[in-house]
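Please give me a short tour of this structure. I have it open in a viewer and would like to know what to select at each stop.

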Amino acid sequence: MKTFITTLSLCLATGLFGAGPSIAQAQEIAIGDLHPITGPATFYGLPESRGIHLAAEQINAAGGVKVGATTYKIRIVTEDDQASPTVGVAALRKLMAADVRYIIGPLASGVAPALKPIIERSDKVTQLIDGSIADDLTNGKNIFRNQATVSGYNIAVVELFKARKFGSVAVMTDRFHAGFMGSQSKLMADLKGLGANVLGEEYYKLNDTDFSAALTNLKGKNPAVLLIRGYPAEGALITKQARQLGFTGQVVWEMVSPPSTVLKNISASEMEGVFNCIPPTTEDYVKLGDAKAKALDAAYRGKFGEGPGELTGLSFDAVHILKAAFEKAGSIENAAVNKAMGELKLADVPALTTKYTAQPDGRLFDDKGQVDLRGVVSVWKGQGWEPMTNLSQ
Amino acid sequence: MIAMPLHKSVAIAAIAFALAAAGTLTLNDYFVYVVTIGAIFATLAVAFDVLLGFTGYLSLAHGALYGLGAYACALLTSRYGLSFWVALPLCGALTGAAGALIALLAFRTRGLYFAVLTLGIGLIGHQLFLVLPNLTGGVGGFVGIPGPEQPGWLAVHATTYYALLALTLLLVTFVCALLFVRSRLGAECLAVREDLTLAQALGIRVASARLAAFTFSAVFAGLAGALFASISSFIAPESFTVLGTGFQLVALVVVGGMGTLWGPILGAALLTALPEGLRVAATLSLLAYGVLLLIFIIFAPQGIASLISRAARRIGGGGREP
């Protein structure tokens, strides 16, 4: 008995009952996943977070991240920013205190500027933004973004107006969306430059439900286009109420809009023919038959029992971009990885599901740490969005 | 606390500050941040309690006053290049002046009408932060606010330094509030709270007492806002809403214990730590926050302070409360 206890103690002490010293312990790289898992933006944030977990799981299953002679497994540490700047800062501090040196997120354009000064001051954090579209967030040093900027969204709106020669527009914008508010005057100037009269600009906020006063005002000006910029729950209600008030012009959205969220507030038939101007989503790539997007879609459905969100591909890509940067840097130190991020070529990340445009020298990011990802126009047909190939028709 | 001699109260506060400061030196960056935010909200709550707990007026304009201090500090330090230490008293003076103006207007009413009038002022303040983008950055927020200059001899990490500043401001606010409520003006405020008509009949300077209480709370709300802006480097209107900060202040004081000064500090500590502690169950954190408020309002309307006082009396007296 005494021998048994001694043997047991030794076994426990040396860890032979676990993945002990006889089997090399895999080293880990912790990556922070900072998204709104709860709160009003969950329908964006949760599928992004899941995309990150899925990518990490697949990378680990395929052998992990090979940095020089060492192989690392990716460990995802999720924190919920609730799409609130105050909560987001606390979540970031928590990740940094846990020595998480690589952060993917946030989604909300109100959160990202609050995190920026903290991350810029630290030489122990690298951020890859996969959601927020507000301008001027990246620095090309330790803050990068694989999501479009709001200016990238606006390109699609301008292209649409150019192709369709719309003569006038009325705009409704979410007053609290930092990205859309910050780019509004530039977009209006661009549309005026194309000959479209801006007949009115109205504002609303998240969770508003009655837009009839603003819409009655705008409808009285008889615009050819009602442009709605914000989030889909309100976008759907505005579209529905505009139709009920007798607006017969073209409705154009500028927002990432999962059909499941849209259809909670409007019928599919009322959405028919609405345009949306955003970069292609995961669903768009699937519909276009892209093999990588289809593989992501299948894996996501297999793991979570439902389809991916519209931004899932960006979050999935973000993990692969970091993996490529670790391997290119041959180090997991931030300074080396930051340098590798800046030098990363589009071809260095073959797993990307999103069709980014390479910089003229083939790099993924420009000098400011921003990818080139432009908006395209989709149209609502039946139960969801369809990418448009010809804007004139 | 009122019954305790002033020097003893100040000494206890100084010891508590020293313990909190020493504890902060041992914490990691995240907990230091939680302490910093908790101390700023405790400062706001103590200042607010002078008006609500000691004078009996519920103001919903304090979120806007807090924001005014924050935006003033942002403008003075980043646009006009002033040192934080020069900007800080200016912010306090500015919000004090704004508070006095609001008080002159608001004290024409009383009770529910006072609360509704200050609610309107709070809403106007928040809207002004949104619609004046050239001054405030609008919805995108004010970016790039310089942090408080750290003296070279204080060899601690910046986040620890910010926490020490926040704790120092809390100590200063507490001591000033203590001096205020024990002054003649403070006694007059208490008389106003207990019975306004009787106070007027007794010849108490009602107008000056409540004007002083409002101005006092506005000054320290502004100082807290200025410190918040400077250590955050970024502020946005969302941090200064009536529904957010305005009602949160009421919750801190109610849960902590109105009219005790140290009760609101406990309320701020609990209600700042709770959402962070429940982060692992984020979907339940707001629910838990609401349930806690209900429990205190129903079962302990005098707040944590009264629970502790009762427990102390029981232990000290060894028997039931009278």
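Start by selecting chain A of this predicted model and colouring it by secondary structure. Chain A holds 14 helices and 13 strands. The radius of gyration of chain A is 23 Å, close to the 21 Å that the globule rule gives for 393 residues, so chain A is as compact as a globular protein of that length. Turn the chain along its principal axes: the C-alpha atoms fill a box of roughly 90 × 45 × 40 Å.

Next, keep chain A selected and consider its interior. Of its 393 residues, 51% are buried. Look also at how distant parts of the sequence meet. Taking the contacts in chain A between residues at least 6 apart in sequence, 69% link residues that are at least 24 apart.

Now pick a single residue, A:A213. It sits in helix α7 of chain A, which covers residues 212-219. Is A:A213 buried or exposed? It counts as exposed, because it has 9 C-beta neighbours inside 10 Å, and the cut-off for an exposed residue is 12 or fewer. Add A:E202 to the selection and draw a distance between the two C-alpha atoms. A:A213 and A:E202 are eleven residues apart in sequence, and the C-alpha to C-alpha distance is 10.0 Å.

Then show both chains and go to where they touch. Chain A gives 21 residues to the contact and chain B gives 20 residues. Which elements of chain A give two or more residues to this side? They are α3 (85-97), α4 (112-121) and α6 (178-193) of chain A. Select α3(A) on its own: with seven residues, it supplies the largest share of the side of chain A that touches chain B. Colour that side by residue class, and it divides into twelve nonpolar, five polar and four charged residues.

For the last stop, hide chain A and select two helices of chain B: α3 (residues 62-79) and α4 (residues 84-106). Two packed helices are described by the angle between their axes and by the distance between those axes. Here the angle is about 145 degrees and the axes of α3(B) and α4(B) are 9 Å apart. The crossing of α3(B) and α4(B) is right-handed. Show side chains where the helices meet: on α3(B) the residues include B:L65, B:L68 and B:A72, and on α4(B) they include B:F84, B:L90 and B:L94. By class, the residues of the contact of α3(B) with α4(B) are eleven nonpolar, four polar and no charged.

Notes: Residues numbered from 1 in each chain as written. Chains lettered and ligands numbered in written order. Predicted model: local features only at pLDDT ≥ 70, side-chain atom pairs only at ≥ 80, totals over all residues. Helix = DSSP H or I, 4+ residues; strand = E, 2+ residues; numbered from the N terminus. Buried ≥ 20, exposed ≤ 12 C-beta atoms within 10 Å, placed from the backbone. Rg over C-alpha atoms; globule rule 2.2 N^0.38 Å. Contact = placed C-beta atoms within 7 Å. Axes fitted to C-alpha atoms, helices over the stretch in contact; angles between N-to-C directions. Left-handed = near helix turned anticlockwise from the far one by under 90°. Nonpolar A, V, L, I, M, F, W, Y, C, P; charged D, E, K, R; others polar.
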